[in-house]
Amino acid sequence: MLSFWKRLTGQSSLSKEDLEPVLQQFKTTLIGKNVAQNIAEKIVQSVGASVEGKRLESMKSVKSAVREALHDALTRLLTPKQSTEVLADIEKVNAIERRPFVIVVCGVNGVGKSTSLAKTCFYLQKHGKKVLIAACDTFRAGAVEQLKTHAACLNVELYHQGYGKDAATVAKEAVRRGTEIGVDVVLVDTAGRMQHNEPLMRALAKLVSVNQPDRIFFVGEALVGNDAVDQLSSFNKALMDFQKVPNPRLIDGIILTKFDTIDDKVGAAVSMVYTTGQPIVFVGVGQTYYDLRKVSTSVLVNALLR
Amino acid sequence: MVLNELGKKITSALRRMTNSTVIDEQALDDMLKEVSRALLEADVNVRIVAQLRTNVKKRVNLEELAAGVNKRKLIQKAVFEELCEMLDPGNKPVALKKGKPNVVMFVGLQGNGKTTSCAKYAYYHQRKGWKTCLVCADTFRAGAFDQLKQNATKAKIPFYGSYTETDPVKIALEGVERFKADNYELIIVDTSGRHKQESALFEEMQQMADTIQPADIVFVMDSSIGQAAYDQALAFKQAVKVGSVIITKLDGHAKGGGALSAVSATESPIVFIGTGEHMDDLEAFNSVSFVQRLLGMGDVSGLVTS
Ligand SMILES: Nc1nc2c(ncn2[C@@H]2O[C@H](COP(=O)(O)OP(=O)(O)OP(=O)(O)O)[C@@H](O)[C@H]2O)c(=O)[nH]1
Ligand SMILES: Nc1nc2c(ncn2[C@@H]2O[C@H](COP(=O)(O)OP(=O)(O)OP(=O)(O)O)[C@@H](O)[C@H]2O)c(=O)[nH]1
Ligand SMILES: [Mg+2]
Ligand SMILES: [Mg+2]
């Protein structure tokens, strides 16, 4: 094996046989870092294809050549294609359309939607925005009281109609209320739902099509394994299929929570971005309002290749 | 159940090997590769998968097999036994005693389903004739007491908690003592979510366990968790005397391998699985019959004893 890692230049160009064991090793590394198995496979395959046939520069082992190519590929993948900053867009909508900017958070059960929504509220307030929170999880026990507590701490208005009501309607009323009292942003909390629970996914699509939010953030936890891929693709597919409008609104960004619980196993970030092509807008790094951060691509890439 | 998908893949890998005419090193490698991939796709810990692969190879050591030995059977047996080993906690579930107060404390990562599972667990036992009650010792999460209260009210189960007390250990003790005095048989204590990186949270959990002296500590884990599962589970086990495991959200599509890896870390059996958000979405779980179903083998017992 060692000869593979240590092979120097001057010899032949990189062949499939040289690459295979090295690629396998990096694949295992990525899976160990919690990248979904089929995504780890696709990434190393394309990295393999990109270096195959190339000549090794002097004094470079196969391993370090592959590492370099993988580093580049991951950096390209994780670098947001467009700005993740929402503030400018909020100001634009407020000024030109004279209405509140509407953000919906969605995701599976227990990932941190409501907490992230409260943190986002705090972030927006720090930037001078006036916010209203809409309690559109009308199902889970204690969901409304959870937001009441946050709204009281953050000193913002909470719009709610208790439990059992149609979430889409509650959201609509909340936006109307937000417009009435002149807020800049309405943050809409939704109930957690399993991605293949069709009635619940239809209800989410309805909430979106009725309210046409400016942003839909998918909240996923950094702890999630291979299911990340299915969660995101199924949420997007449900939004696509069930909105019944010509231009359905899809997921615009990801909030990656519980980043403080995974040490360097940051692979869920790769799985999520790879699946949607959407950027990570914020990471959650704890349970207080201050624990919402932007994550740098190089931090993620270095953790993955460590 | 989705866990079965993993079983199907493993059985088909075994079957394919059975069908190939000669069983040589290559056939064994191919089969092990396929089994490993199925396990990794299901989020089983990478180290455990690697170990399983080495162990099977070691046990099967093809060179040394005398002619006439049924290689296929031997390989299947080795794979099966290694999987059993992975899933065998080595300990029996804690037996609760009717007619006496049994304190059961629920612990786990944030948002994994502790509060919901506490209520389901109480409801399950109440229907079996136990005199059950719930104590909310989560003073941290917004709305935690309301959540437990609403669930308990729905299931007509007595509960204890406080909106003002901030010391969870104090509340736990007060609740436990009050219900003991009233001759409750099953006193279920819900706690805040926590993770190994926050040592203060772990100390609080240890202090609570020392104070209320539970008969059993139930570790609740989300079925979608990936590679971080093992380390987190191990940390909980090392901090307190975890005796049982509940795996939640198996109504989703996660294959649950991360959580299965946790079994070996906690050395405790899975006693229940959560299959939905409603009160009766809790199923008793039997590890042995699960492995048999996992492998979809009617002839399993034959394999093991032969
Ligand atoms: N450590 C850590 N915990 C978090 C983070 N974000 C959320 N949590 C915790 O995760 C748990 C669940 O958070 P919620 O905000 O209630 O999750 P949710 O997605 O709204 O849950 P449902 O509405 O029940 O589906 C709470 O205990 C939060 O404090 C984070 O970034 N780090
Ligand atoms: N679909 C499904 N949802 C579940 C299951 N068990 C719990 N949940 C949901 O998961 C979310 C989190 O559950 P909780 O019981 O609040 O989790 P927790 O561990 O008490 O959370 P913290 O106290 O914040 O750490 C809620 O939306 C529950 O309804 C399950 O088996 N299936
Ligand atoms: Mg919520
Ligand atoms: Mg709870």
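**Exercise 1. Ligand 2 and its surroundings**

Task: Describe which polar atoms lie by ligand 2, and where ligand 2 lies with respect to the chains.

Solution. Begin with the side chains: in this predicted model, a polar side-chain atom of B:K114 lies 2.7 Å from an oxygen atom of ligand 2. A second side chain, that of B:E277, likewise places a polar atom 2.7 Å from an oxygen atom of ligand 2. Next, turn to the backbone, where a polar atom of B:N112 is 3.2 Å from an oxygen atom of ligand 2. Then widen the view to the surroundings, which comprise 23 residues, with B:K114, B:T116, B:R141, B:D251 and B:E277 as the closest. Finally, as to its position in the assembly, ligand 2 lies between chains A and B.

**Exercise 2. The interface of chains A and B**

Task: Work out how many residues each chain gives to the contact, what area is buried, and which helices of chain B supply residues to it.

Solution. The size of an interface is often given as the accessible area lost when the parts come together. Here the area buried between chain B and chain A is about 3100 Å², and carbon and sulfur atoms give 52% of it. In residues, the contact takes 36 from chain B and 36 from chain A.

The next step is to list the polar pairing. Between the two chains there are 21 residue pairs in polar contact, counting those with both residues at pLDDT 80 or more. On the side of chain B that touches chain A, helix 2 (25-41), helix 6 (144-154) and helix 9 (229-239) of chain B each supply at least two residues. Helix 6 of chain B gives the most to that side, with four residues. Sorted by class, the side of chain B that touches chain A holds nine nonpolar, 16 polar and eleven charged residues.

The last step concerns charge: three salt bridges are found across the interface of chain B and chain A. One of the salt bridges in the model joins B:K196 to A:D263, with 2.6 Å between the closest N and O atoms.

**Exercise 3. A glutamate in strand 5**

Task: Decide whether A:E221 is buried or exposed, and find the side chain with which A:E221 makes a polar contact.

Solution. Locate the residue, which is found in strand 5 (residues 215-221) of chain A. The cut-off for a buried residue is under 20% relative accessible area; A:E221 has 3%, and therefore counts as buried. Its side chain is joined to that of A:K258 by a polar contact of 2.7 Å. Leaving aside neighbours within four places in sequence, A:E221 is in contact with residues of chain A, among them A:G110, A:L256 and A:M272, and also with B:D222 and B:S224 of chain B.

**Exercise 4. Salt bridges within chain A**

Task: For three salt bridges of chain A, determine where the partners sit and how exposed they are.

Solution. Side chains of opposite charge can pair when their charged atoms come close. The structure holds 32 salt bridges over all chains, and the steps below take up three of chain A.

- Step one: A:K294 and A:E85 form a salt bridge, their closest N and O atoms being 3.3 Å apart. This pair links distant parts of the chain, 209 residues apart, with A:K294 in the loop between strand 8 (292-293) and helix 12 (297-305), and A:E85 in the loop between helix 4 (62-78) and helix 5 (87-97) of chain A. A:K294 is partly exposed at 39% relative accessible area, and A:E85 is partly exposed at 28%.
- Step two: A:R177 forms a salt bridge with A:E157, at 2.6 Å between the closest N and O atoms. A:R177 belongs to helix 8 (residues 167-181) and A:E157 to strand 3 (residues 157-159) of chain A, 20 residues apart. With relative accessible areas of 24% for A:R177 and 29% for A:E157, each is partly exposed. A network of salt bridges links A:E157, A:E173, A:R176, A:R177 and A:E180.
- Step three: the side chains of A:K237 and A:D241 meet in a salt bridge of 2.5 Å, N to O. The two residues are four residues apart in helix 10 (residues 227-242) of chain A, so about one helical turn separates them. A:K237 is exposed at 52%, whereas A:D241 is partly exposed at 39%.

Conventions. Residues are numbered from 1 along each chain as its sequence is written. Chains are lettered from A and ligands numbered from 1 in the order in which they are written. This is a predicted model: local features need pLDDT of at least 70, side-chain atom pairs count only at pLDDT 80 or more; totals for chains, interfaces and linings use all residues. Side-chain values use heavy atoms; hydrogens and water are left out. Contact means heavy atoms within 4.5 Å. Buried area is the accessible area (1.4 Å probe) that two parts lose on being put together, summed over both. A salt bridge is a side-chain nitrogen of Lys or Arg within 4 Å of a carboxyl oxygen of Asp or Glu. A polar contact is a pair of N or O atoms within 3.5 Å; within protein, one must be able to donate a hydrogen and the other to accept it, and residues adjacent in sequence count only if both atoms are side-chain atoms. Ala, Val, Leu, Ile, Met, Phe, Trp, Tyr, Cys and Pro count as nonpolar, Asp, Glu, Lys and Arg as charged, and the others, Gly among them, as polar. Buried means under 20% relative accessible area, exposed over 50%, partly exposed in between (1.4 Å probe, protein chains only). A residue is near a molecule or strand if one of its heavy atoms lies within 4 Å of it.
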